[in-house]
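Here is a short briefing to read alongside the model. Keep the viewer open as you go through the points.

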Protein chains: 2
Amino acid sequence: MNKITSYDSINLEYIMETKITFIGAGNLASQLSTNLQKKGFKISQVYNRTKPVAKDLAEKLGSKYTSDVKKIDRDVDIFIVALKDSAFEEVLSQINFNNKLVVHCSGSLPVSCLYPYSENTGVLYPLQTLSKQREVDFNNIPVFVEANSIKNENILLKVADEISDSVAVLNSEKRKILHIAAIFANNFVNHLYAISAEILKSKGISFEVLKPLILETALKVHELDPEKAQTGPAVRFDENIISSHINELKNFCNYQELYNSISKSIFEHHQQLK
Amino acid sequence: MNKITSYDSINLEYIMETKITFIGAGNLASQLSTNLQKKGFKISQVYNRTKPVAKDLAEKLGSKYTSDVKKIDRDVDIFIVALKDSAFEEVLSQINFNNKLVVHCSGSLPVSCLYPYSENTGVLYPLQTLSKQREVDFNNIPVFVEANSIKNENILLKVADEISDSVAVLNSEKRKILHIAAIFANNFVNHLYAISAEILKSKGISFEVLKPLILETALKVHELDPEKAQTGPAVRFDENIISSHINELKNFCNYQELYNSISKSIFEHHQQLK
């Protein structure tokens, strides 16, 4: 990763007049467009296949909107594609981008997946969990950039630098690994929160009581390596506790299995470290 | 859970003169004894089977210490047992507690496991991940209390209330479930952090970049239900991404399996909610 400290001669004034169209109006599009607009970028149009979804976001931004790919305005500077990966081909193949800069925000797809649609392509990947219900400040979100050319890379670095304090260039291969790591640290972690909430609920205990533990668990690895922060019965392979817990989870078959496999994984991980 | 708002006639002055001996000097004993001492309790002795470990903590507290169970001083008011569950029987059966109040801090063991050793028994269970390297403020830590009698319950409520703003009575059965939920929300979550750190390291990427995501993931469930906070490929069962990620993890066999089983669990969980 190259931490960016200086830029070439691209003019900020030019960038700030940049008109952006969003292809997609989901969680990511919603948060990214709002943050770009706050920094002075002009969001000119929002496309979404579901009209009310496009309309909702467009009204928030004061932009035009459409649910018809044929009506996507070509007179903009950057198209930001914020679709789920599986929708890329179907949607993008119907749009004439006029070789404008087309950028996607996917962790898993390489920049080259955009090559069929434009001669100017790039990636702007914000590493964060984004939901419509919860506004986040992009300043603290690491944003990773890639492009098909140095010129486009510099444009995207400039854009990213306007919204985030932590911007770096990262190639497609490394971004994929970063995305996988993020899935473990976010998607999977959140699922474990959901499981613990469900287990507590079965005995009428409020999820509220776990919140200080959840926060401290996250804060702890800001100071200690996760390996050094590990506590609990699995790391010392306390078989009595483990088997009594698995027995206690008999009404949650799937969670019995997860309890067992994650405990095993913790123990094996720490055996290797010894 | 009964949130405690009032007490019976136990005298605070009496409590503050209470002398406490710690059986065990690990992470929990270290943090709990320090916090009790800060609030004015007198930690009179620390026992640990490894002398330097007992000595370390005792010196921090200005207490006596021993590694010989036969030299544990009986002239105290409360014994706090902070041993791993599997060591309880071996250690406690060698001590004559003179029917003083004997309290353990285990999530999984019932209060009745102390009945063979004293007529006055209880549990003081702080719901937090405690490491020696990282001091935590007990004020924000929920502490759960149980005892063999109302009198002992009231003593422990009083003690707990001195160190924490969030104290409740919880029976052994519910405490066990709470402990299991905490293992998912802390031990297992921390292991996922460790996996993500290891995956990143394999491509030379610093764990640092994940920290804002980790913190936001934890903060998000302070506002939204974990189910509503869930994002990512598993919840929509995006098979292309999932299989491409599993393929990418080919050098981490164990993590391929975890990726697969947690993704399945997320998908099934959300299918049930529909």
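Chain A exposes about 11,500 Å², and carbon and sulfur atoms supply 45% of that area. Please bear in mind that this is a predicted model. The points below go from the overall build of chain A to the pairing of the two chains, and then to some details of rings and backbone.

**Chain A as a whole**

- Chain A has 274 residues, and 58% of them count as buried.
- Its secondary structure comes to 10 helices and nine strands.
- If you want a feel for the dimensions, the C-alpha trace of chain A spans about 65 × 40 × 30 Å along its principal axes.
- Take the contacts in chain A between residues at least 6 apart in sequence: 54% of these join residues at least 24 apart.
- Chain A carries 31 positive and 32 negative charges, and the mean positions of the two sets are 5 Å apart.

**How the two chains are related**

- A turn of 180 degrees, with a shift of 0.0 Å along the axis, lays chain A on chain B with an RMSD of 0.1 Å. This is the relation of a two-fold axis.
- The same surface serves both copies, as 100% of the contact residues of chain A recur in chain B.
- To find the rotation axis from chain A, look for Val189(A): of the residues of this chain, Val189(A) comes closest to the axis, with its C-alpha at 2.7 Å.

**Aromatic rings**

- Over all chains, a search of the whole structure finds 10 aromatic pairs.
- One of them is formed by Phe79(A) and Phe97(A), whose ring centres are 4.8 Å apart. Their planes stand at 75 degrees, and an angle over 60 counts as edge-to-face, so this pair is edge-to-face.
- This pair links distant parts of the chain, with its two members 18 residues apart. Phe79(A) belongs to strand β5 (residues 78-81) of chain A, while Phe97(A) sits in the loop between α4 (88-92) and β6 (101-104) of chain A.
- Both partners are hidden from solvent by the numbers: Phe79(A) is buried with a relative accessible area of 0%, and Phe97(A) is buried at 1%.
- Phe252(A) and Tyr255(A) make a stacked aromatic pair, with 5.8 Å from centre to centre and 15 degrees between the planes.
- In that stacked pair, Phe252(A) is buried with a relative accessible area of 15%, and Tyr255(A) is buried with 5%.
- One aromatic cluster brings in both chains, as it is formed by Phe184(A), Phe188(A) and Tyr259(B).

**Positive phi in the loop between α4 and β6**

- Which backbone angle is worth a look at Asn98(A)? Although Asn98(A) is not a glycine, its phi is positive, at about 60 degrees.
- Asn98(A) is found in the loop between α4 and β6 of chain A. With a relative accessible area of 43%, Asn98(A) is partly exposed.
- In chain B, Asn99(B) also has a positive phi of about 60 degrees and is not a glycine.
- The place of Asn99(B) is the loop between α4 (88-92) and β6 (101-104) of chain B. Its relative accessibility is 35%, so Asn99(B) counts as partly exposed.

How values were computed. Residues numbered from 1 in each chain as written. Chains lettered and ligands numbered in written order. Predicted model: local features only at pLDDT ≥ 70, side-chain atom pairs only at ≥ 80, totals over all residues. Heavy atoms only, no water. Least-squares fit on C-alpha atoms with pLDDT ≥ 70 in both. Contact = heavy atoms within 4.5 Å. Phe/Tyr/Trp six-rings, centres within 6.5 Å; stacked < 30°, edge-to-face > 60°. Helix = DSSP H or I, 4+ residues; strand = E, 2+ residues; numbered from the N terminus. Buried < 20%, exposed > 50% of the residue type's maximum accessible area, 1.4 Å probe, protein only. Areas by Shrake-Rupley, 256 points an atom, 1.4 Å probe, with all protein chains shown as cover. Lys, Arg positive; Asp, Glu negative; His and termini not counted. Charge placed at Lys NZ, Arg CZ, Asp CG, Glu CD.
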